[in-house]
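This report goes through a few local features of one protein chain, one element at a time. Please keep the sequence and the 3D view at hand while reading.

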Amino acid sequence: MGRAGGGRAPFAVAAFIGSFLLFTLELIAAKLLLPSFGGAAYVWTTAMMVFQGLLFAGYMYAHGVLRRGRYGRAHLALLAVPLISLPIAVSVPAAGAPITRLLWALLGASALPFFVLSTTSTVLQGWLRRAIPGDEASVYSLYAASNAGSFVALLTYPLLIEPRMLVSAQVLAWTALYVVFVALHLPLLPACGPAEPGEPSQTLLSEKAAWVLLSMGPSAALLAATNLLALDFAAVPLLWVAPLAVYLATFVLNFKKNPWYPRRLSAGLALLMALWGATVLVTVSYSSGLPDGFDVIRRLWVVNKFLFVCASLFILCLICHRALAQSRPDAAQAPRYYAAIALGGWLGSVLIAVVMPLLARRLAMPELDWALAGALSFGALLLRDARGGQRKVEQASTGVATLVALSVLGAAGLGFYVRQSPAFTSRAVYPLPNVYGYYRVVDAAGQRRFFHGNTLHGLQSLDPALRREPLLYFSSRSPIAEVYRTFGQSLQRVGVMGLGVGMLAAYGRPGQVIDYYELDPDVERVARRFFTFLADTPARVTVTLGDARLSLGRVDARYDLIVLDAFTGGSIPVHMLTREAFFLYEKKLSNNGLIVAHITNRCLNLRPMLAALARAEGWAVAARQANVAERAGERAGTSWVVLRRDAAKIARLRDAGWEGLDGEAPARLWTDDYASLFSALRR
């Protein structure tokens, strides 16, 4: 008993490291797979669904083995099994639907170690319960230690690990730490002994249902938040971890030995969010009329959206996880309890990743995911209250009332958001969600517009006399138009990474060849069915489906101009901007060819990264930012960069008023083995 009493810390350390490894494995595996799937946001959503399912399988295993007597050495052998498949490596099937290929790649790269690591917290709690009978608070505190490990992994990966370590080094370090983790279990085995598990008390079906629902709502909200952020910003670990860290923080706060949940905290946060929401609405209403010098205030809407989504997720999870913690059973039933939580988490992720895109296919509104998450959470609290008697109803009344208030506030905010956003209107011609995001074709103000999420990716005049005129980022006032005017006669063959609505084809001329490379078949269908740029151009146009970088590497072609215009949501896929990617583009250029990168972005400044590339490779570079608003008084900025080893052509642009990138802040060059979004955030 003395050894056990002094040995609580090793159990907590092992639980912490196990969860740290678990969540860094998620991030590393998804990051390794992103380039093979066009940098699309669904990579992380699907990964979350797969990992939630593996977590449930791990808890079910733990629930089974804890009912046995002597299983310690057998479990240690299980911990050693993943060593035969390490270090982590990804292998993507060459054929099949995107989701199917991703599922197989995820399972092949990480299923075995993830499943084994997912058993850690529950098994260690069983060992500690047998070593220190009756100390249930210490047993449940291991769950907090486990979630703390997950939380630390999510904070350190985008802020410390990803910016400072090559991916190959991350994989090796992860393998080494896993070996240490397995070794930590050796001194814990004698403490657990072969004690009889005892007969667990019965659990009512309604109680199990409450556990499942109380975990489904927050899990659905987690993926809903991740979808919104990834579509508007970028599909990168920095934005994956923010909502996941918020989600796990509420577990830590509620399951630690002394839970943190001050009285009326939820009501206070709801009031703050209401005031915050009012600030957002004022910002949106007046930002379009501000002078050019108020860029910081203009970006306040974007920053507020990020913070507002995370704060909403925090409050919803805090309320539900508080109810979940209050309903936990005695330690003998802990494995069953954790299995129910894992099942609810997996079902919530399936609802958002699979069910909602199918049921709401004709609506294409990612905000409906939030409505589902709120309904699940509200129903879970009602079920908990209905089965808990009057005392628990009184205890929970603040949480339920707050959730109702938040639901009303959220509905009002959603209504305002839908009314303000040009992507959501009754004049929508074609809504379409698919694995790559939410698409919408909208007719408004005499134009047909194509949105990915809330980001405008193309438009065309509905006036037949003006339909061949390129607009916005590609208009006659844009930097790309200057490139065509300066070098137009020499551009016999053009390669475009990303189709959009095919607006660049408006610059085509007889005898010219324009090859588009597009990841998503639905985008080509939209471009051909609802827009006419591809049909109207006198140039010969081809569209190659598949990841643009991979497809370009397979063709035997030389281009006079390569245009990087691939976007996923509001950002260029990171793997399109690495050193190796530009080496490929250079190989595909003719002797006098140019590379032109469209880097317009609300939140990211990619100029320093391109400046670092130009300095490292000795390339000449010219950059141009322009206001391409269609009406006086409006602001619509666009940013383009042109690169080439031969400085002669770049000098012509510099003479025409383009600028260099010599004054950009130093930045680390992105490679296939290193890329960090943190350094590119606008400040």
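Strand S3 has both of its faces covered: Gln447, Arg449 and Phe451 are buried on one side, and Arg448, Phe450 and His452 are buried on the other. The model shown here is a predicted one. Because six of the six residues of S3 (residues 447-452) are buried, the strand is largely enclosed by the rest of the structure. S3 runs antiparallel to S4, and six bridges join the two strands. Within this pairing, Phe450 of S3 stands opposite Gly458 in S4.

The loop that runs between strand S4 (455-461) and helix H17 (479-487) contains Leu472. Leu472 is not a glycine, yet its phi is positive, at about 55°. Is Leu472 buried or exposed? Its relative accessible area is 10%, and buried means under 20%, so Leu472 counts as buried.

Another backbone feature is found in the loop between helix H4 (72-80) and helix H5 (98-118), where Pro87 is located. The peptide bond that joins Leu86 and Pro87 is cis, with omega at about 0°.

A second proline, Pro218, belongs to helix H10 (residues 205-232). The relative accessibility of Pro218 is 0%, so this residue counts as buried. Which residues does Pro218 touch, leaving aside those up to four places away in sequence? They are Tyr247, Leu313, Leu316, Cys317, Cys320, His321 and Ser377. Leu316 is 98 residues from Pro218 along the chain, but the C-alpha atoms of the two are separated by 6.7 Å.

The next topic is charged side chains. Side chains of opposite charge can pair when their charged atoms come close. How many salt bridges does the structure hold? There are 13 salt bridges in the structure. The table gives some of them, with the distance between nitrogen and oxygen.

| Pair | N to O distance |
|---|---|
| Lys31 and Glu162 | 2.7 Å |
| Arg493 and Asp515 | 2.8 Å |
| Arg525 and Asp522 | 2.5 Å |

The salt bridge between Lys31 and Glu162 has its closest N and O atoms 2.7 Å apart. This pair links distant parts of the chain, since Lys31 is in helix H2 (residues 8-33) and Glu162 is in helix H7 (residues 136-164), 131 residues apart. Lys31 and Glu162 are both buried.

Arg493 and Asp515 meet through their side chains in another salt bridge. Here too, distant parts of the chain are linked: Arg493 is in strand S5 (residues 493-497) and Asp515 is in strand S6 (residues 513-518), 22 residues apart. Arg493 is partly exposed, with a relative accessible area of 29%. Asp515 has a relative accessibility of 4%, so Asp515 counts as buried.

Arg525 and Asp522 form a salt bridge inside one element. Both residues lie in helix H18 (residues 521-530), and they are three residues apart, which is about one turn of the helix. With a relative accessibility of 9%, Asp522 counts as buried. Which residues do salt bridges with shared partners join into one network? The network is made up of Arg579, Glu586, Glu617 and Arg645.

How values were computed:
Residues are numbered from 1 along each chain as its sequence is written. This is a predicted model: local features need pLDDT of at least 70, side-chain atom pairs count only at pLDDT 80 or more; totals for chains, interfaces and linings use all residues. Side-chain values use heavy atoms; hydrogens and water are left out. Helices (H or I, at least four residues) and strands (E, at least two) are DSSP runs, numbered from the N terminus. Buried means under 20% relative accessible area, exposed over 50%, partly exposed in between (1.4 Å probe, protein chains only). A salt bridge is a side-chain nitrogen of Lys or Arg within 4 Å of a carboxyl oxygen of Asp or Glu. Contact means heavy atoms within 4.5 Å. Two strands pair if DSSP finds at least two bridges between them.
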